[in-house]
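This report sets out the architecture and selected side-chain interactions of one protein chain.

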Amino acid sequence: MGFPLPTLLEKLWTEVGNGGFGPGDGLFCVDNEPASELSMSIPNVYLQSIADDSYAWPKKLVMICEWGCGYFSAIDCSTAEGEVINLLDDLKRKPIGCTFAHWMEDWVNGVDLWTRDFSKLGPNPVGTSP
């Protein structure tokens, strides 16, 4: 993609697994495996998003997981720590005020990230807490 990813994300993808674990429906894959319903690898999703001028997609904003109901989470890779940005209907961006490492630490510690970050925005996706 032409820029570094947050160290933790890189380590998760190279040392733990090729997505499928983590918040939401799990982190998207990084290789040629389908990335959820997007049916592409994350690099391809990113490269196509920035190539399509109608999206006005920010450079270095990388989608990492889907929550259902049109909600996604992304990482702003313009900083080394990578701030998590939630993407709402029509891909409106909502920074949540924490780094990717903090977000993953919260998930590992059992924090219900859907309730904390999305619950006031609409219906709960299937498989999440009310």
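The account below moves from the sheet to the helices, and then to salt bridges and aromatic pairs.

**Sheet**

The structure is a predicted model. Four strands form an open sheet in the order β1-β2-β3-β4, and the pairing is antiparallel. Strands β1 and β4 (93-99) occupy the edges; each has a single partner strand, so one side of each is left without a neighbour in the sheet. From one strand to the next, the twist averages 25 degrees. The antiparallel pairing of strand β3 (residues 83-87) with β4 comprises four bridges. Within this pairing, Ile85 has Pro95 in β4 as its bridge partner. Helix α3 lies across β1, β2 (71-76), β3 and β4, and its direction makes an angle of about 80 degrees with β4.

**Helix α2**

Helix α2 spans residues 42-51, and its residues Ile42, Val45, Tyr46 and Ser49 are buried. These residues are on the same side of α2, because they cover an arc of only 95 degrees around the axis. In general, an α-helix has 3.6 residues a turn, so residues three or four places apart point the same way. The cover over the buried residues of α2 includes α1 (7-16) and β1 (61-68).

Ser49 belongs to helix α2. Its relative accessibility is 7%, and Ser49 therefore counts as buried, the cut-off being under 20%. Apart from neighbours within four places in sequence, Ser49 contacts Tyr55 and Trp57.

**Salt bridges**

Side chains of opposite charge can pair when their charged atoms come close. The structure contains two salt bridges, which are listed here.

| Salt bridge | Closest N to O distance |
|---|---|
| Arg116 with Asp106 | 2.4 Å |
| Arg116 with Asp117 | 2.8 Å |

The pair of Arg116 and Asp106 links distant parts of the chain: Arg116 lies in helix α4 (residues 113-117) and Asp106 in helix α3 (residues 100-108), 10 residues apart. Together, Asp106, Arg116 and Asp117 are linked in a network of salt bridges. How exposed or buried is each member of this network? Arg116 counts as partly exposed, with a relative accessibility of 37%. Asp106 is buried at a relative accessible area of 11%, and Asp117 is buried at 7%.

**Aromatic pairs**

Seven aromatic pairs are found in a search of the whole structure. One of them joins Phe3 and Tyr46: the ring centres are 5.3 Å apart and the planes stand at 75 degrees, so the pair is edge-to-face. Because Phe3 lies in the segment before α1 and Tyr46 in helix α2, this pair ties together parts that are 43 residues apart in sequence. Phe3 and Tyr46 are both buried.

Phe100 and Trp103 form a tilted aromatic pair, with 6.0 Å from centre to centre and 40 degrees between the planes. Both residues lie in helix α3, three residues apart, which is about one turn of the helix. Phe100 and Trp103 are likewise both buried.

Ring pairs also join Trp67, Tyr71, Trp114 and Phe118 into a cluster.

Methods: Residues numbered from 1 in each chain as written. Predicted model: local features only at pLDDT ≥ 70, side-chain atom pairs only at ≥ 80, totals over all residues. Heavy atoms only, no water. Buried < 20%, exposed > 50% of the residue type's maximum accessible area, 1.4 Å probe, protein only. Helix = DSSP H or I, 4+ residues; strand = E, 2+ residues; numbered from the N terminus. Arc of directions from axis to C-beta. Contact = heavy atoms within 4.5 Å. Salt bridge = Lys/Arg side-chain N within 4 Å of Asp/Glu carboxyl O. Pairing = 2+ DSSP bridges. Axes fitted to C-alpha atoms, helices over the stretch in contact; angles between N-to-C directions. Phe/Tyr/Trp six-rings, centres within 6.5 Å; stacked < 30°, edge-to-face > 60°.
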